[in-house]
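Colleague: Got a minute to go through this model with me?
Modeller: Sure, let's bring it up.

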Amino acid sequence: RGRSISGMSATQLSSAVDELPVHIVEDHDGALPLIYRAIGAKKLPFSGVALIHFDAHPDLLSPNVQADECLDKEKLFAYTSIAEWILPAVYMEHVGCVVWLKPPWASQIPDGVYQLCVGKDCKTGHIRIATPLPYFISELLYVPKSDLVNCTTVPLHVITVGPTAPLKERHGTIPVATGSATSLTGQTSTCRGDDTQHCPQQEAGQAVHSCSLQCDYLPPAMKKPKISDPSTSARRVAAVTDCATREQTSSSATSNVETWSAADNNPVSHSRLQERAVRQLSTVIESVDAWVLDVDLDFFSTGNPFSSAFTQEQYEHMRKLYQFSEPERPDSPNSVARCAQQRKQQLDSLKELWSGDCSVSEDALCSGMVQKIRAIIGTVEDGAVITAEDVHLAGMMTDLPEHISTDQEVSDLAVAVHELLKQSCSQGRKPSMITIARSTVDDYTPPSQVDFIQTLTVAMLGELYGSLQVQRHYTSDNRCEQPESSDCESTDSELV
C-alpha cells in the first residue's frame, strides 16, 4: 500500500517527474540520439527546439551522408561525428534556433545574429548551407541558395562569454566554504548514487553524499578562498558578447561593434556587453516552447589534439599553407562564389601534395618545410601510423582554438555561465533536458582537468535548476556505455 508497481512511493514518483534530466556523454555527437529519444518520448516537441550550445567549437559542419538518409536515424547516427551533429537536426527541422556561446579564445564565427539557411544540395545530395560566412566557405559547405532544395532557415546567435571584470583586475576565487559542499554562489549541492570516480568520498550503499566542490582533486585555492571584497561576487557577473543588432543574411559579419577583447580594460564596456548577452539569450528562451542546454566541457579549457604530431615551426607552416582568404566583397554573390572555388582548388592541391600525386619540385607551395612535413607521413604517433589524410586533416584544423585554462579561469567561466543562464531565464524557465560532452578522449578537454570541470558544471546546474537526474553514458575509462542513472539535488545555504 502506498507503493507503485516500480517500488517507488507516490512522493518519490512525483520527485522523479520534477527532476531535470542531465545526460553526460564522452563524444559530443552522442547528444544527438538522446535528443531524438526525447522527441520520440514526447519530452521535446518534434520541431522548433532551441539549442543553447556552450562550446569552444561551433560543431556546425555537415556529415558525409546524403540529406535524404537523415530520415534513417540509425544511419544518421552512424555517420555523424563530434563536429557534425547539429546541422542534420536543423535540416530535419527538429532544431529551430541555434545559440553558440563560446569562450573568449574561440573566433571561428564572429559574434552576431545570422540566418542559417540549410538545405539539400541539388548536385551532391548532401546537406549544404547558403549562409556565406567564412566558416562555411572555408569548410566547402557554402553553396548558393539556388542550388538548394528542401531549405529551412533558422536564426544562429553567436555570443562570447567571459568574465565581466577586466582580466587585469580580476582577483579572488570562487567562494567555496570548507567543511561543506558549498559552491559557486554559496549554495550547497549534494548527489545521490553518483560514482566514486566523480565523488571520492562516496561509499557503496549510502544514499546521500556531498560530491560537488569538495572532491579530492580540487585545487587548494578553491577549497580555501580569499574574499577580500564583499562586492567580489557582484563583479563576477556572467557573460559578455559582441552581438550584432540586426540579423545578417549575406555578410561575413565583419562589424565595428564592441567586442569582448576590445573591452578587456574597460569595466563599463564589460557590463554593457554582459547586458546585451543576457538580453539576446533571454529573448531566444522566451520565444520558444522548449530548449535544450548543451555544454561541451572544452568550453572551459580547450586543447588542440592536431598540433601534437608537429613541431611548432611545422605547425605554423601548416597554418600558413591552409590559411583562408575571405571574399573581397562579402555582399557580392560573385565574389563569394569565386572565393569558394579558390578555396576548393587550394585544398585539393594541398591534399595532392601530401598524397604524392603532386610533384613536389613543381608545386608552388613546396619548400624545405613542406618536405619535412611530408616526412612525417608513415611515422607512428600514439601507436597509429600517420597518413597523408591525417596530415591534410591536421592542416584543416590549424584554425582551431587552443587555450589550456588555469583552475581559476575555469572557475571564473563557470560563474559567468551560471549568471548568464540565471539572468536570462525569466520566471524560472528551465531547459527540457541538458546534455554534457566530456570530449576528453580526443584531448579537446584536457584529461587532467575533465573531472574537475565536470563536477563544477554539475554543481552549477544543480544550483540553477534544483533537482537533477544525471545519467552517465560512459565508463570510467571513457568508453560508451548504456545510461547509468544518478540523482542530484540542490538546496540553498548561507555562504560560510
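Colleague: Which residues does Thr131 touch, leaving out those up to four places away in sequence?
Modeller: Thr131 touches Gln115, Leu116, Cys117, Phe136 and Tyr142. Contact here means heavy atoms within 4.5 Å.

Colleague: And before I get carried away, what are we looking at?
Modeller: It's a predicted model, where local features need pLDDT of at least 70, side-chain atom pairs count only at pLDDT 80 or more, and totals for chains, interfaces and linings use all residues. Residues are numbered from 1 along each chain as its sequence is written, and side-chain values use heavy atoms, with hydrogens and water left out.

Colleague: OK. Where does Thr131 lie?
Modeller: In the loop that runs between strand E5 (127–129) and helix H5 (134–138). Helices (H or I, at least four residues) and strands (E, at least two) are DSSP runs, numbered from the N terminus.

Colleague: Is Thr131 buried or exposed?
Modeller: Buried, because its relative accessible area is 2%. The cut-offs are under 20% for buried and over 50% for exposed, with partly exposed in between (1.4 Å probe, protein chains only).

Colleague: What does the Thr131 side chain reach?
Modeller: The backbone nitrogen of Cys117, at 3.0 Å.

Colleague: Moving into H5, what about Pro134: buried or exposed?
Modeller: Pro134, which lies in helix H5, is buried, since its relative accessible area is 12%. There's a long-range partner to look at too: Pro134 and Val336 are 202 residues apart along the chain, with their C-alpha atoms separated by 9.3 Å.

Colleague: Does H5 come up elsewhere? What covers the buried residues of H12?
Modeller: The cover includes H5, helix H9 (312–321), H10 and helix H11 (368–376). Underneath, the buried residues of H12 are Val391, His392, Ala394, Gly395 and Met396.

Colleague: Let's switch to pockets. How much space lies in the largest pocket?
Modeller: About 980 Å³. The closest to its centre, of the 38 residues that line it, are Leu61, Glu84, Glu139, Met396 and Met397. On a 1 Å grid over the protein atoms alone, a pocket is an open set of points where a 1.4 Å probe fits, with protein on both sides within 12 Å along at least five of seven lines; lining residues have an atom within 4 Å of a point. Points are joined across faces, edges and corners, and the volume is the space filled by probe spheres set on them.

Colleague: Which helices each supply at least two residues of that lining?
Modeller: Helix H10 (333–355) and helix H12 (388–396). So Met396 turns up twice: as a buried residue of H12 and among those closest to the pocket centre.

Colleague: How do the lining residues divide by type?
Modeller: 15 nonpolar, 10 polar and 13 charged. Ala, Val, Leu, Ile, Met, Phe, Trp, Tyr, Cys and Pro count as nonpolar, Asp, Glu, Lys and Arg as charged, and the others, Gly among them, as polar.

Colleague: Any odd backbone angles? What's phi at Lys42?
Modeller: Positive, about 60°, although Lys42 is not a glycine. It lies in the loop between helix H2 (31–40) and strand E2 (49–54), and counts as exposed because its relative accessibility is 74%. Glu93 has a positive phi as well, about 70°, and it isn't a glycine either. You'll find Glu93 in the loop between helix H4 (86–91) and strand E3 (95–102); with a relative accessible area of 43%, Glu93 is partly exposed.

Colleague: Now the strands. Why is E1 largely enclosed by the rest of the structure?
Modeller: Because 5 of the 6 residues of strand E1 (residues 20–25) are buried.

Colleague: Which way does E1 pair with E14, and over how many bridges?
Modeller: Parallel with strand E14 (residues 468–474), over 5 bridges. E1 pairs in the parallel sense with strand E13 (residues 433–437) too, over 4 bridges. Two strands count as paired if DSSP finds at least two bridges between them.

Colleague: What stands opposite Ile24 in E14?
Modeller: Arg472. In E13, Ile24 stands opposite Ile436. His23 has Gln471 as its bridge partner in E14.

Colleague: And how many residues of E14 are buried?
Modeller: 6 of the 7, so E14 is largely enclosed by the rest of the structure.

Colleague: Last thing, the whole chain: how many helices and strands?
Modeller: 14 helices and 15 strands. Of its 496 residues, 54% count as buried. Among contacts with a separation of 6 or more, 76% come from residues 24 or more positions apart.

Key
Polar contact = N/O pair within 3.5 Å; in protein donor to acceptor, adjacent residues only side chain to side chain.
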